[in-house]
Amino acid sequence: MTNLATAPALEGFASLNLITPICKAVQEEQYVNPTPIQLKAIPYLLRGRDMLACAQTGTGKTAAFALPILQRLSKSERGPRSKGIRALVLTPTRELAVQISENFEIYGRHLRLRHLVVYGGVSLGNQVRLIKRGVDILVATPGRLLDLIRQGHLRLNEVELFVLDEADRMMDMGFLPDVRTIEAKLHPERQSMLFSATLPAEIEKLSKQFLKDPVKVVVDPPSSTVEKIDQRLLYVDRENKSALLETVLQDESIERALVFTRTKHGANKIAKNLSKSRIRAEAFHGNKSQAARTLALEKFRSGKARVLVATDVASRGLDVDGITHVINYELPNEAANYVHRIGRTARAGATGVAISFCDAGERFFLRNIQREIQKDLDVIGGHPFPAKIAPVKSGKKRGGGAEKKNGAPQRAKRNNKPAKSTGWKPGKYSAKKKPGFKGRPSKSRD
Ligand code: AMP
């Protein structure tokens, strides 16, 4: 098949020798250039090499494995046999599984390949019926996949391509034994890819077991994305947080806000309170049924809900376009989760604002967060619920002002408008700061 070597807008992707239907789909998605992980990974993967890739969500890693998989599958005439799978993508959460599957749908829209996503918490019947016909690409969470195998509904011995996505998170969630069981059922002559945001020793060990002579590819975390986010801090007493949230949300420039709480109960309570105050809000956490989670996300995506109140289950992987603000109602107790949370805004070239509430009991978490991101958050004073909390100063500013290499993808038209969102104009409780917030945080908070 031909590639689009002559299409100037696709120079970047065409140089990767991707076939026309894939280039066309990518172009329709407004992607102009491949991201660093795509540039590094795709040529090797098209040649059939195994790969150990260290890349985070937000770097464009899904396309990095999805495009070569689509291309390799489309080159072979042979479709899947009944109950057979040609490419398997294992991923830790239902939301990630759905997102990856949506990406296959988008990138593969001009190809005739069958893909399916399976995860727990929904009935097996429909999934079983679709698998019976055979599936080119199956995206699955480990538990549901094992259920399907044990009940004899699918076979993995024909898998030609295998992706283990978010391997470090699989490990954190205790899925590695399941993953090992699944891997043992795969055909030994397959191409395998292991993607992980970090490479702890356990993952390196796993990669030796799963991969044959792998190419190792490492890209910078999209820290530049984090640098694009205006990160603001409001000191507030715990009992005033709810009222402060409502006040902040009066600001109409907050078009779509993701609010994080530490507990599921807290998420429910806040969503309920906001709804009572006529702010359209939905709760999203692991105690909700899959159907309720999907519905909440759908309302948030479509704009029916302006606010999604979530626990950290939404802090990684969630890819909703146009989240203008992330609000940390409570600070996460793990600093890394702060970075994951705020990375839900400023996706795909857009900019965004992160607003964190900090009460006296959270000063320790704040210190750790500022150390992690190596800078102090910009303290916003002048809001109606000021608290007398000694400011936490702990981060180092990144020196030099040199541009960090940008690992984050940029879209052509959508999502990279000059950021309306950067200009969160905090109304009457505004800090006396210019947009951009390059300076040091102010000492006084009021
Ligand atoms: P991922 O890291 O796979 O979760 O991708 C993060 C976001 O970047 C998703 O919204 C993708 O649609 C988008 N994306 C992936 N590759 C590109 C690209 N080459 N150009 C622009 N956006 C991209």
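Me: In this predicted model, are Asp230 and Arg232 buried or exposed?
Reply: Asp230 forms a salt bridge with Arg232, and the closest N and O atoms of the two are 3.2 Å apart. Side chains of opposite charge can pair when their charged atoms come close. As for their surroundings, Asp230 and Arg232 are both buried.

Me: What separation in sequence does the salt bridge between Asp359 and Lys241 span?
Reply: The side chains of Asp359 and Lys241 meet with N and O 3.5 Å apart. Asp359 sits in the loop between strand E13 (352-358) and helix H16 (363-373), while Lys241 belongs to helix H12 (residues 241-249). The pair therefore ties together parts of the chain whose separation in sequence is 118 residues.

Me: Which residues form the network that Asp359 and Lys241 belong to?
Reply: Asp359 and Lys241 are both buried. Salt bridges that share partners join these two to further residues. The network consists of Arg238, Lys241, Arg262, Glu330, Asp359 and Glu362.

Me: How many residues apart are Asp136 and Arg86?
Reply: A salt bridge joins the side chains of Asp136 and Arg86, with an N to O distance of 3.0 Å. The pair links distant parts of the chain, since Asp136 is in strand E4 (residues 135-140) and Arg86 is in strand E2 (residues 85-90). Along the chain they are 50 residues apart.

Me: Why does Arg86 count as buried?
Reply: A residue counts as buried when its relative accessible area is under 20%. Its partner Asp136 is buried, with a value of 4%. Arg86 is buried too, because its relative accessible area is 1%.

Me: How many salt bridges does the structure hold?
Reply: The pair Asp136 and Arg86 is one example of a salt bridge, and Asp230 with Arg232 is another. The count for the structure is 21.

Me: Which side chain of opposite charge is nearest to Asp50, and how far away is that side chain?
Reply: Asp50 is buried yet has no salt bridge. A salt bridge needs the nitrogen and the carboxyl oxygen within 4 Å. The nearest side chain of opposite charge is Arg190, at 6.2 Å.

Me: Which backbone nitrogen lies 2.8 Å from a polar atom of the side chain of Asp50?
Reply: Asp50 is in the loop between helix H3 (36-46) and strand E1 (51-54). Leaving aside neighbours within four places in sequence, its contacts include Arg190, Gln191, Ser192 and Phe210. The backbone nitrogen at 2.8 Å belongs to Ser192.

Me: Which backbone oxygen lies 2.6 Å from a polar atom of the side chain of Thr59?
Reply: Thr59 is in the loop between E1 and H4 and counts as buried at 1% relative accessibility. Its C-alpha atom is separated by 7.8 Å from that of Pro36, which is 23 residues away along the chain. The backbone oxygen at 2.6 Å is that of Gln56.

Me: Which helix gives the largest share of the largest nonpolar core?
Reply: In soluble globular proteins, nonpolar side chains tend to be buried together. Here the largest nonpolar core has 41 residues, and Leu18, Phe65, Leu67, Ile69, Phe104 and Met193 touch the most other members. Eight residues, the largest share, come from helix H4 (residues 61-75).

Me: Which residues does Phe104 touch, not counting those up to four places away in sequence?
Reply: Phe104 is among the core residues that touch the most other members. Its contacts are Phe65, Ala66, Ile69, Leu70, Val89, His115, Ile137 and Val139.

Me: How many disulfides does a search of the whole structure find?
Reply: Cys23 is buried, with a relative accessible area of 1%. Cys358 counts as buried at 0% relative accessibility. The number of disulfides found is zero.

Me: What value is phi of Arg278 near?
Reply: Arg278 is in the loop between helix H13 (264-276) and strand E10 (281-284). Arg278 is exposed, with a relative accessible area of 79%. Its phi is positive, in a residue other than glycine, and near 65°.

Me: What percentage of the residues of the protein count as buried?
Reply: There are 16 helices and 14 strands in the protein. Of the contacts with a separation of 6 or more, 77% are between residues 24 or more positions apart. Of the 446 residues, the buried share is 55%.

How values were computed. Residues are numbered from 1 along each chain as its sequence is written. This is a predicted model: local features need pLDDT of at least 70, side-chain atom pairs count only at pLDDT 80 or more; totals for chains, interfaces and linings use all residues. Side-chain values use heavy atoms; hydrogens and water are left out. Helices (H or I, at least four residues) and strands (E, at least two) are DSSP runs, numbered from the N terminus. Buried means under 20% relative accessible area, exposed over 50%, partly exposed in between (1.4 Å probe, protein chains only). Lys and Arg count as positive and Asp and Glu as negative; His and the chain ends are not counted. A polar contact is a pair of N or O atoms within 3.5 Å; within protein, one must be able to donate a hydrogen and the other to accept it, and residues adjacent in sequence count only if both atoms are side-chain atoms. Contact means heavy atoms within 4.5 Å. A disulfide is a pair of cysteine sulfur atoms within 2.5 Å. A nonpolar core is a set of buried Ala, Val, Leu, Ile, Met, Phe, Trp, Tyr and Cys residues joined through side-chain atoms within 4.5 Å.
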